[in-house]
Amino acid sequence: MHQEKIADVIQEVKKVVVGQDRMVNRLLIGLFTNGHILLEGVPGLAKTLTVNTLAKVLHLDFKRIQFTPDLLPADLIGTMIYNQQAASFEVKKGPIFSNVILADEVNRSPAKVQSALLEAMQEKQVTIGDTTYKLDRPFLVLATQNPVDQEGTYPLPEAQVDRFMMKVHIDYPSKADEMEVMRRMANMSFSSEVDAKLSKQDIFDIRDQINAVKIAEPLENYIIELVFATRFPAQYGLKDEAKYIQFGVSPRASINLNLASKAVAFMDGRDYVLPEDIKEIAEDVLNHRIILNYEAEADGINTRDLVKIFLEKVPINKSVTLK
């Protein structure tokens, strides 16, 4: 059973990474549904270590790209170089040609580099010279950004952030987890080696099985209601929240919420979606797609707070009139 193999993957990652079960779960959901993930958290929370370890356990090619202000698109996708011996130009492919890409501190590079990355994410191909090259499959971009230090950064435009399936906020570990982290990492003989537990074919098979997970029409309606509540909150009795929202979520939200809830159900051993699956994943799918106004910032309101209110106030069994 593939669920057993997924459990083996999680246990293998835990040999190295402590207390980041939610992050590992979201990374796997992104991989199994062909979606990209944006990780946000302060430095030192094992974001890079988790992604690197997971790539090893999944036996996938992994490339880490440190985004800096002087990075160029060619450093990412590759370029044409002149071969003097052959008197011709040759293609030198960039690090984007890999299965798992860690775009570290993606908000430290200028817009042209961010655009090159996001175009590759969307199109699953890049053009070098006159030739278009398909990217490797599976292809997963995991981008990180530091929410603390904003000086000298280039924040991702809202329209580009929308390309990420989920934005996952990484919190500090518990006291017990931090004690375990300290003991492991303070031991200079600690080994971070792990065994591969999943093949590429397994990943493609899991995608097919997730695609077959059933979601009932009332739950499809519930997803639509959640999405429309972010766009027209006053119509749902959320007048206090309406004053904070400038724009609601895009149609990508409903697509990704459907996909992600199927993945949650599958990883829980079911071939059907429950309301709890949608609620489990809704914050990560919706939080980066809601655009707030200045009043929200002045009142200390963030999108995660609003998503929780939507989940509390929007009824599950409400009938939908499609227009």
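**Exercise 1: The surface**

Find out how much area the chain exposes, and what share of it carbon and sulfur atoms supply.

*Solution.* Keep in mind that this is a predicted model. Start with the total: the chain exposes about 16300 Å². Next, split it by atom type: carbon and sulfur atoms supply 50% of that area. Now turn to what is covered up: buried residues make up 47% of the 323 residues.

**Exercise 2: Overall form**

Work out whether the radius of gyration agrees or disagrees with that of a compact globule.

*Solution.* First get the expected value: with 323 residues, a compact globule would have a radius of gyration near 20 Å. Then look at the chain, which has 21 Å, so the two agree. For the extents, follow the principal axes: the C-alpha trace spans about 70 × 40 × 40 Å. Finally, add the building blocks, which are 14 helices and 11 strands.

**Exercise 3: Contacts and charges**

Say what share of the contacts with a separation of 6 or more comes from residues 24 or more positions apart, then look at the charges.

*Solution.* Take the contacts first: residues 24 or more positions apart account for 79% of those with a separation of 6 or more. Now for the charges: there are 38 positive and 45 negative side chains. Locate the centre of each set, and you'll find the two centres 2 Å apart.

**Exercise 4: Placing A111**

Decide where A111 sits and whether it is buried, partly exposed or exposed.

*Solution.* Begin with the element: A111 belongs to helix α5, which covers residues 111-123. Its relative accessible area is 48%. Partly exposed covers the range between 20% and 50%, so A111 is partly exposed. As a last step, go from A111 to P275: they are 164 residues apart along the chain, and their C-alpha atoms are separated by 39 Å.

**Exercise 5: Aromatic pairs**

Count the aromatic pairs and classify each one.

*Solution.* The count comes to two aromatic pairs. In one of them, the ring centres of F97 and Y133 are 6.3 Å apart and the planes stand at 85°; over 60 degrees counts as edge-to-face, so that's the label here. F97 is in the loop between β4 (88-93) and β5 (100-104), while Y133 is in strand β7 (residues 131-134), so the pair ties together parts 36 residues apart in sequence. Check the cover too: F97 is buried at 12% relative accessible area, and Y133 counts as buried at 18%.

Now take F228 and F232: 6.0 Å centre to centre with 40° between the planes, this pair is tilted. F228 counts as partly exposed at 33% relative accessibility, and F232 counts as partly exposed at 38%.

Notes: Residues are numbered from 1 along each chain as its sequence is written. This is a predicted model: local features need pLDDT of at least 70, side-chain atom pairs count only at pLDDT 80 or more; totals for chains, interfaces and linings use all residues. Side-chain values use heavy atoms; hydrogens and water are left out. Helices (H or I, at least four residues) and strands (E, at least two) are DSSP runs, numbered from the N terminus. The radius of gyration is taken over C-alpha atoms; the globule rule is 2.2 Å times the number of residues to the power 0.38. Buried means under 20% relative accessible area, exposed over 50%, partly exposed in between (1.4 Å probe, protein chains only). Contact means heavy atoms within 4.5 Å. Accessible areas come from the Shrake-Rupley method with a 1.4 Å probe; for residues, only the protein chains shown count as cover. Lys and Arg count as positive and Asp and Glu as negative; His and the chain ends are not counted. The place of a charge is taken as NZ of Lys, CZ of Arg, CG of Asp or CD of Glu. Rings of Phe, Tyr and Trp (its six-membered ring) pair if their centres lie within 6.5 Å; planes under 30 degrees apart count as stacked, over 60 as edge-to-face and the rest as tilted.
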